[in-house]
Amino acid sequence: MKFIDTANFQIRAGKGGNGAVSFRHELYVANGGPNGGDGGDGGDVIFVGDEGKHSLLDLKLNKLYQARDGEKGDIKNMHGANGEDLVIRVPVGTVLIDHKTGRVLADINQPNQPLIIAHGGKGGKGNARFANSRNKAPTIFEAGMMGESFEIRAELKVLADVGFIGLPNAGKSTLLRAISNSKPEIADYPFTTLNPQLGVTRALDGSTFVVADLPGLIQGASLGKGLGHEFLRHIERCKVICHVLDFSGNYGSEDVVNNYKIIRQELIQYNSQLAARPEIVVFNKMDLDEAQLNLMDETILEFFKDKKVVEISGMKKTNLDQLLSLIAMTLKTTTFSGLWPDQNLNEGLKVYKFSEEEPEIIIQNKGNGQWEISGKTIYNIYQRTPLATRDNLLLFNEKLKKLGLYDQLRAKGIQSGDVVKIFDYELEWID
């Protein structure tokens, strides 16, 4: 089965319930006061990292994930029930991106830690909340606020300490099997590994770490060729890169140095930060005669002289303890945490933060005394204050006045008797 590591879908938090308009109607109680209750809050959309999940296949089955709406308020100051939260479990290592803006909403790198991505709308207030000395029987109420919604692009990046990279058939899967209990598929053809294979191994000093066998790369992978971007993204997660080379030179170019340069260049073109990632070069298949001949090539030795190099045979399981010890030592000295590159490491999780926007008011003069008002700010007031009662109509007008809409209309030349359309309502301008 092809590894599913990206998914596109929409999440929508629940809408808040409307506040209620009601009055006490009890025997022997004349002119009972308002007792309309508040609406319940809408449910949140929550993501949780799950170590038991290994792909985003489940998320591709639905295009919309929606939490429950809050219930409306009721008589006798009864509060509407809050909407049920929607909990979505995803593999650890999942990054959630706002598809519209490209902004990272969350980097889910810890298991069982709930993270609210879309907050439910607040419930509206009932008329009991608006009683005062001047208006003891208000018919004012608020509608519940809309919940947040996002178009999400989810990307799964393998969370591993060490990533084995290299050209196809460099021997990465054989090596992973030799040092761990993992059983990756192995065969003599390119792209045997279609899934990142994980294994846990132990060095001689007792330290343990997770190793990922990442699918073989080819020249042009950074441009999307072969498996391309589908698996390059996993390398970003690895704290240490082990570049496995078929030192016998019997795959593709006979030049071992050139094979190394091909993969190195693809990594840098995909993400320049990978150039600074700790790297170990593994000369594999040293049990073959061709590899022993290459070991005497001064050009090859000169090129790799300043790099961390270890000679092994994954097939014969020779010199593996030296490789594991070198990996363990490199992990202890690296400062890279394996988190998303722009993540605040002190926070542990990257979440989006709301920043207040300028009021959006759009005024259109349609001619013949016809005006149309729109914009996000106007819509929020319109949605929050239903024009179902006279009191709400007065409150709606007061909010627009405080926003400065009236002054803007006057400046644009509105006349008494003109009609102003605000979404579904048409109101007459009286000045």
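**Reading a sheet and two cores**

Student: Which way do S15 and strand S16 run, and how many bridges join them?

Tutor: In general, strands of a sheet pair through backbone hydrogen bonds, either parallel or antiparallel. This is a predicted model, and in it S15 and strand S16 (residues 370–374) run antiparallel, joined by 5 bridges. For one of those pairings, look at Ile362: its bridge partner in S16 is Ser374.

Student: What is the strand order of the open sheet?

Tutor: The order is S15-S16-S17-S18, so to speak from one edge to the other, and the pairing is mixed. Strand S15 (362–367) and strand S18 (425–428) each have a single partner strand, so one side of each lacks a neighbour in the sheet. Direction ignored, neighbouring strands here are turned by 25 degrees against each other on average.

Student: Now the packing. Which residues have the most contacts inside the largest nonpolar core?

Tutor: A nonpolar core here is a set of buried residues joined through side-chain atoms within 4.5 Å. The largest one has 24 residues, and Val162, Leu175, Phe209, Ile280 and Val282 have the most contacts inside it. Elements giving two or more residues include strand S9 (162–165), helix H1 (172–179) and strand S13 (279–284). H6 gives the most, with 7 residues.

Student: What is Val162 in contact with, leaving aside neighbours within four places in sequence?

Tutor: Among its contacts are Phe209, Val211, Cys238, Val240, Ile327 and Leu331.

Student: Where else should I look for a core, and how many residues does it have?

Tutor: There's a second, separate core of 23 residues, including Tyr65, Val90, Ile108 and Ile117.

Definitions and conventions. Residues are numbered from 1 along each chain as its sequence is written. This is a predicted model: local features need pLDDT of at least 70, side-chain atom pairs count only at pLDDT 80 or more; totals for chains, interfaces and linings use all residues. Side-chain values use heavy atoms; hydrogens and water are left out. Two strands pair if DSSP finds at least two bridges between them. Helices (H or I, at least four residues) and strands (E, at least two) are DSSP runs, numbered from the N terminus. Axes are lines fitted to C-alpha atoms, for helices over the stretch in contact, and angles run from 0 to 180 degrees between N-to-C directions. Buried means under 20% relative accessible area, exposed over 50%, partly exposed in between (1.4 Å probe, protein chains only). Contact means heavy atoms within 4.5 Å.
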